[in-house]
Amino acid sequence: MPDMLLGSQPLDTVAHIIQVALAPAFLLSALATLLNVFSTRLGRVSDQVDAAARELEKADAAEAAILSRRLSHLRARSLYLDLAVVLASAGGCLTGISVLTLFVGALRDRATATILFACFGLALLCLIGAVAAFLVETLLAGQGVRVRVARQQDEAAAIEQR
């Protein structure tokens with residue numbers, strides 16, 4: 001009975017076909033998860049920008065300078081997040097093209113294989129770039145937190161000395 005379902009292809013060939021078909025699906029799943037993380041973080045940056053803008057309306061000159069630096073920091077974070085989103089999206093598109101090429105590739109010619117390897121390779125490069133941009137944004141976020149903590153500690157120390 002299994003021979004009727006598989007035809008004349010050995011089990012290893014069928015397993016290889018399944019592996020090749022699943023790899024892009026896992027990459028797309030990972031990219032979708034990353035895009036969700038990126039959009040959540042971008043929403044948090046947006047909320048922080050809104051809060052800083054509200055504080056800026058009531059701030060004196062010294063506080064305005066601090067808030068201006070904070071807004072510049074948040075702008076840089078949003079730019080890196082934008083880059084991560086663009087790269088992850090490009091990786092997703094290239095992965096989709098790779099999958100499409102797999103289906104069209106039934107002809108098994110050299111051009112199809114070249115397109116498949118190029119698209120999947122570019123998708124992986126975009127994924128690496130998106131993760132690198134996310135790393136930079138995360139480091140910027142951590143630096144911002146550390147600056148705020150240090151400032152609050154300095155303010156608390158100044159209050160204690162009075």
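**Exercise 1.** Which residues does Arg41 touch, not counting residues up to four places away in sequence?

*Solution.* This is a predicted model, so let's read the contacts straight off its atoms.
- Step 1: place the residue. Arg41 is found in helix α2.
- Step 2: list the partners. Leaving out residues up to four places away in sequence, Arg41 touches Arg77, Leu81, Phe134, Glu137, Thr138 and Ala141.
- Step 3: check the burial. Arg41 has 19% relative accessibility, and the cut-off for buried is under 20%, so Arg41 counts as buried.

**Exercise 2.** Work out how many salt bridges there are and how they are connected.

*Solution.*
- Step 1: get the count, which comes to two.
- Step 2: take the pair Glu137 and Arg41, where the closest N and O atoms are 2.8 Å apart. Glu137 sits in helix α4 and Arg41 in helix α2, so this bridge ties together parts that are 96 residues apart in sequence.
- Step 3: take the pair Arg77 and Glu137, with the closest N and O atoms 2.7 Å apart. Here the link runs from Arg77 in helix α3 to Glu137 in helix α4, 60 residues apart.
- Step 4: compare both distances with the cut-off of 4 Å for a salt bridge. The 2.8 Å of Glu137 and Arg41 passes, and so does the 2.7 Å of Arg77 and Glu137.
- Step 5: join them up. Glu137 takes part in the bridge with Arg41 and in the one with Arg77, and the three residues are linked in a network of salt bridges.

**Exercise 3.** Are Arg77 and Glu137 buried or exposed?

*Solution.*
- Step 1: look at Arg77. Its relative accessibility is 6%, so Arg77 counts as buried.
- Step 2: look at Glu137. With a relative accessible area of 0%, Glu137 is buried too.
- Step 3: bring back Arg41, which is buried just as Glu137 is.

**Exercise 4.** Find the aromatic pair in the whole structure and classify its geometry.

*Solution.*
- Step 1: recall what you need. A pair of aromatic rings is described by the distance of the centres and the angle of the planes.
- Step 2: run the search, and one pair turns up. The rings of Phe38 and Phe134 have centres 5.2 Å apart and planes at 50°, so the pair is tilted.
- Step 3: locate the rings. Phe38 is in helix α2 (residues 11-58) and Phe134 in helix α4 (residues 110-161), 96 residues apart.
- Step 4: check the cover over Phe38. At 0% relative accessibility, Phe38 counts as buried.

**Exercise 5.** Which elements build the largest nonpolar core, and which gives the most?

*Solution.*
- Step 1: start from the fold. The protein has four helices and zero strands.
- Step 2: pick the core's hubs. There are 16 residues in the core, and those touching the most other members are Leu27, Leu31, Phe38, Ala88, Leu94 and Leu127.
- Step 3: assign elements. Helices α2, α3 (61-104) and α4 each give two or more residues, and α4 gives the most, with six.
- Step 4: zoom in on Ala88. Not counting residues up to four places away in sequence, Ala88 touches Leu31, Leu35, Phe38, Cys126 and Ala130.

**Exercise 6.** Now for the outside: which residues make a nonpolar surface patch of about 220 Å²?

*Solution.*
- Step 1: name the members, which are Tyr80, Leu83 and Val136.
- Step 2: examine Leu83, which lies in helix α3. Its relative accessible area is 40%, so Leu83 is partly exposed.
- Step 3: set this against the whole protein, which exposes about 11000 Å², with carbon and sulfur atoms supplying 66% of it.

Note on methods
Residues numbered from 1 in each chain as written. Predicted model: local features only at pLDDT ≥ 70, side-chain atom pairs only at ≥ 80, totals over all residues. Heavy atoms only, no water. Phe/Tyr/Trp six-rings, centres within 6.5 Å; stacked < 30°, edge-to-face > 60°. Buried < 20%, exposed > 50% of the residue type's maximum accessible area, 1.4 Å probe, protein only. Areas by Shrake-Rupley, 256 points an atom, 1.4 Å probe, with all protein chains shown as cover. Core = buried A, V, L, I, M, F, W, Y, C linked by side-chain atoms within 4.5 Å. Contact = heavy atoms within 4.5 Å. Patch = residues over 30% accessible without salt bridge, like charges linked within 9 Å, V, L, I, M, F, W, Y side chains within 5 Å. Salt bridge = Lys/Arg side-chain N within 4 Å of Asp/Glu carboxyl O.
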